[in-house]
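Colleague: I should like to learn how to read a structural model feature by feature. May we take one example and work through it together?

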Amino acid sequence: MGYLANFECLDFDAARKAKAWLETNISAGVLPLDTYLAFSEDETELLGFIVLEEIDVRVAPEDVPIMQVRHAVDDPRAEKQKAIKLVWIARSESSDRGFGGELFDQALLVALESAACALMVEPYDDKTANELWLRHYHLREPRDGADGWVCLWHAVGEADQTWG
């Protein structure tokens with residue numbers, strides 16, 4: 001737990017809440033969601049972390065072709081598709097610029113390895129949604145027909161098909 005006490009996250013409300021979530025759950029001895037910690041090479045400093053959750057989503061019919069370019073959606077008419085939700089992400093003030101991108105890439109890799117159709121993000125607020133998730137990471141907004149989505153999303157996988 002010492003590495004967490006020394007973890008100084010970036011000065012954003014969402015990052016502070018992510019750190020508080022991690023502290024609370026580590027203190028309780030339970031991590032209810034998949035949590036990935038990134039340490040310095042000498043393993044003395046926590047540089048950042050991501051928290052992921054597997055969820056089921058209904059993909060809007062108009063988004064199925066976008067996803068299928070990167071990930072085969074087994075049955076586009078199926079009620080539910082597997083996705084990974086990025087619940088928390090935080091990096092330390094001492095981490096290099098761009099390290100948040102490495103954490104995001106790790107979340108994408110986990111989603112890919114778990115055969116998810118998308119990585120989902122529920123933005124902390126509108127400013128974060130617009131400046132970080134939509135502009136910087138190029139996530140997409142849910143469309144009509146994506147039942148219950150409040151999350152932005154990023155298709156998982158490398159483009160390996162062509163538009164037909």
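Modeller: Certainly. Let us begin with A115, which is partly exposed because its relative accessible area is 48%, and the cut-offs are under 20% for buried and over 50% for exposed. Please keep in mind that this is a predicted model.

Colleague: Where does A115 lie, and what is its phi?

Modeller: A115 belongs to the loop between helix 4 and strand 4. Its phi is positive, about 65 degrees, although A115 is not a glycine. This residue comes just after helix 4.

Colleague: Which other residue, not a glycine, has a positive phi, near 60 degrees?

Modeller: H138 has such a value. H138 sits in the loop between helix 5 and strand 5. With 59% relative accessibility, H138 counts as exposed, because the cut-off for that class is over 50%. A further positive phi, of about 60 degrees, is found at E43, in the turn of the hairpin that strand 1 and strand 2 form.

Colleague: Before we go further, how many helices and strands are there in the protein, and in what order do they run?

Modeller: The protein has five helices and five strands. From the N terminus the order is α-α-β-β-α-β-α-β-α-β. Of its 164 residues, 41% are buried. Among contacts with a separation of 6 or more, 68% are between residues 24 or more positions apart.

Colleague: How should one read a helix such as helix 4?

Modeller: The general idea is that an α-helix has 3.6 residues a turn, so residues three or four places apart point the same way. In this structure, helix 4 covers residues 99–113, which is 15 residues. The distance from its first C-alpha to its last is 21 Å, close to the 21 Å expected at 1.5 Å a residue. The buried residues of helix 4 are F99, G100, G101, L103, F104, A107, L108, V110 and A111.

Colleague: What covers the buried residues of helix 4?

Modeller: The cover includes strand 1 (34–39), strand 2 (46–57), strand 3 (81–91), strand 4, helix 5 (126–136) and strand 5.

Colleague: How does one read the strands, and how are strand 1, strand 2 and strand 3 paired?

Modeller: In a regular strand the side chains alternate between the two faces of the sheet. Here, strand 1 and strand 2 pair in the antiparallel sense over six bridges, with A38 opposite G48 in strand 2. Six residues lie between these two strands in their hairpin. Strand 2 is also joined to strand 3 by ten bridges, again running antiparallel, and I55 stands opposite A83 in strand 3.

Colleague: Why is strand 2 described as largely enclosed by the rest of the structure?

Modeller: Nine of the twelve residues of strand 2 are buried, so strand 2 is largely enclosed by the rest of the structure.

Colleague: How is strand 5 placed, and are its faces covered or open?

Modeller: Both faces of strand 5 are covered. L152 and H154 on one side are buried, as are W153 and A155 on the other. Strand 4 (residues 118–121) is joined to strand 5 by four bridges, and the two run antiparallel. A118 has A155 as its bridge partner in strand 5.

Colleague: Is H154 buried or exposed, and with which residues is it in contact?

Modeller: H154 lies in strand 5 (residues 152–155). Its relative accessible area is 18%, and H154 is therefore buried, as the cut-off is under 20%. Leaving aside neighbours within four places in sequence, H154 is in contact with F104, L108, A118, L119, Y137, H138 and L139. Two of these partners, F104 and L108, are among the buried residues of helix 4. H154 and A83 are 71 residues apart in sequence, while their C-alpha atoms are 10.0 Å apart in space.

Colleague: How does one read a pocket, and what is the volume of the largest pocket?

Modeller: Rolling a probe the size of a water molecule over the atoms shows where empty space is left. In this model, the largest pocket has a volume of about 980 Å³. It is lined by 30 residues, and the closest to its centre are F12, I89, T128, L132 and W133. The elements giving two or more residues to this lining are helix 2 (13–28), strand 3, helix 4 and helix 5.

Colleague: Which element gives the largest share of the lining, and what classes of residue are found there?

Modeller: Strand 3 gives the largest share, seven residues. By class, the lining of the largest pocket has 17 nonpolar, five polar and eight charged residues.

How values were computed: Residues numbered from 1 in each chain as written. Predicted model: local features only at pLDDT ≥ 70, side-chain atom pairs only at ≥ 80, totals over all residues. Heavy atoms only, no water. Buried < 20%, exposed > 50% of the residue type's maximum accessible area, 1.4 Å probe, protein only. Contact = heavy atoms within 4.5 Å. Pairing = 2+ DSSP bridges. Expected span 1.5 Å × (residues − 1). 1 Å grid on protein atoms, 1.4 Å probe; cavity = no way out; pocket = protein on both sides within 12 Å on 5 of 7 lines; lining within 4 Å. Points joined across faces, edges and corners; volume = space filled by probe spheres on them. Nonpolar A, V, L, I, M, F, W, Y, C, P; charged D, E, K, R; others polar.
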